[in-house]
Amino acid sequence: MENESNRYKMSPERLEELKKELEYDETVREKEVSELIKEARSFGDLSENSEYDEAKTEQGKLYSRIAELKDLIENAEVIERVEAKAGEVNLGCKVDLLDMEEDEETTYEIVGSQEANPMMGRISDDSPVGKALLGHAAGDAVTVEVQPGVHLKFKVLKVVTA
C-alpha cells in the first residue's frame, strides 16, 4: 500500500496548473537558462565569471523546481469536490465561521496543502483549523488547539459546497 504522507491532495485545476508549469519549465525556461550559460561562457575565464555563476545557480534552481513539480504531479491525489456531503465541511467547500472569542465572522475555503493560502482565505485540510472543521455542519461549535494550551472556538455558520 502506498504511503499516504507522500500524497499531495489537490484539485484537478491545481494539477493542471502544475503540469503546465512543468511543461513551460522543461521547454521554454530550460532553453533560456541554457542560452544564459552559453552566453556567459563566451565571456572567458569561468573562475572569475559572475554571469556564469549566476546562470549555473539559476539552472540549479530550475532543475530543483522541475524535480519538485514531477514529484507533486506523480504523487497527486486529485480530490473531486463532489465527494463532500452536502452541508458538511470537507475539502473544496467554503465555510462561514464565527470566532466566538473575537465575535468576528470569517470565511475559509478548505483546500489541499498545495493550494493553501491563508492570506486569501484558503486553508489546508491538514492545518489545525482545517482538520478540526472537517465533518462539521452549520450550527456546530468547534474548538481548535492551534498550539499546546492555545485554543480557538468557532461556530460554523454556513457550509457551501462547490
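Me: Before I look at methionine 10, how are helices and strands defined here?

Reply: Helices (H or I, at least four residues) and strands (E, at least two) are DSSP runs, and their numbering starts at the N terminus. Here, methionine 10 sits in strand S1. This is a predicted model, where local features need pLDDT of at least 70 and side-chain atom pairs count only at pLDDT 80 or more, while totals for chains, interfaces and linings use all residues. Residues are numbered from 1 along each chain as its sequence is written, and side-chain values use heavy atoms, with hydrogens and water left out.

Me: What is pLDDT, and what is its mean for the protein chain?

Reply: pLDDT is the predictor's confidence in each residue, on a scale from 0 to 100. The protein chain has a mean of 87, and 92% of its residues reach 70 or more. Among the elements, S1 (residues 8-10) has the lowest mean, 81, and S3 the highest, 93.

Me: Back to methionine 10: is it buried or exposed?

Reply: Buried means under 20% relative accessible area, exposed means over 50%, and partly exposed is in between (1.4 Å probe, protein chains only). Methionine 10 counts as buried because its relative accessibility is 1%. As for what lies across from it in space, its C-alpha atom is 6.7 Å from that of alanine 76, although the two residues are 66 apart along the chain.

Me: How many salt bridges does the structure hold?

Reply: For a salt bridge, look for a side-chain nitrogen of Lys or Arg within 4 Å of a carboxyl oxygen of Asp or Glu. The structure holds nine. One of them joins arginine 14 and glutamate 17, at 3.1 Å from N to O. Both residues lie in helix H1 (residues 12-41), three residues apart, about one turn of the helix. Arginine 14 is buried because its relative accessible area is 18%, whereas glutamate 17, at 47%, is partly exposed.

Me: Which residue does lysine 70 form a salt bridge with?

Reply: Its partner is glutamate 26, with the closest N and O atoms 3.3 Å apart. Lysine 70 is in helix H2 (residues 50-74) and glutamate 26 in helix H1, so this pair ties together parts that are 44 residues apart in sequence. Lysine 70 counts as partly exposed at 36% relative accessibility, and glutamate 26 counts as partly exposed at 32%.

Me: And what about arginine 122?

Reply: Arginine 122 forms a salt bridge with glutamate 115, and their closest N and O atoms are 3.5 Å apart. At 22% relative accessibility, arginine 122 counts as partly exposed, but glutamate 115 is buried, at 11%. Salt bridges can also link up: Glu21, Arg65 and Glu68 are joined in a network.

Me: Which residues form the negative surface patch?

Reply: Patches are made of residues with over 30% relative accessible area and no salt bridge; like charges are joined within 9 Å, and nonpolar side chains (Val, Leu, Ile, Met, Phe, Trp, Tyr) within 5 Å. Asp and Glu count as negative. In this structure, the negative patch is formed by Glu101, Glu102, Asp103, Glu104 and Glu105.

Me: Where does aspartate 103 lie?

Reply: Aspartate 103 is in the loop between strand S3 (94-99) and strand S4 (104-111). It counts as exposed because its relative accessible area is 60%. Check its backbone too: phi of aspartate 103 is near 55 degrees, a positive value in a residue other than glycine.

Terms used: Areas by Shrake-Rupley, 256 points an atom, 1.4 Å probe, with all protein chains shown as cover. Charge placed at Lys NZ, Arg CZ, Asp CG, Glu CD.
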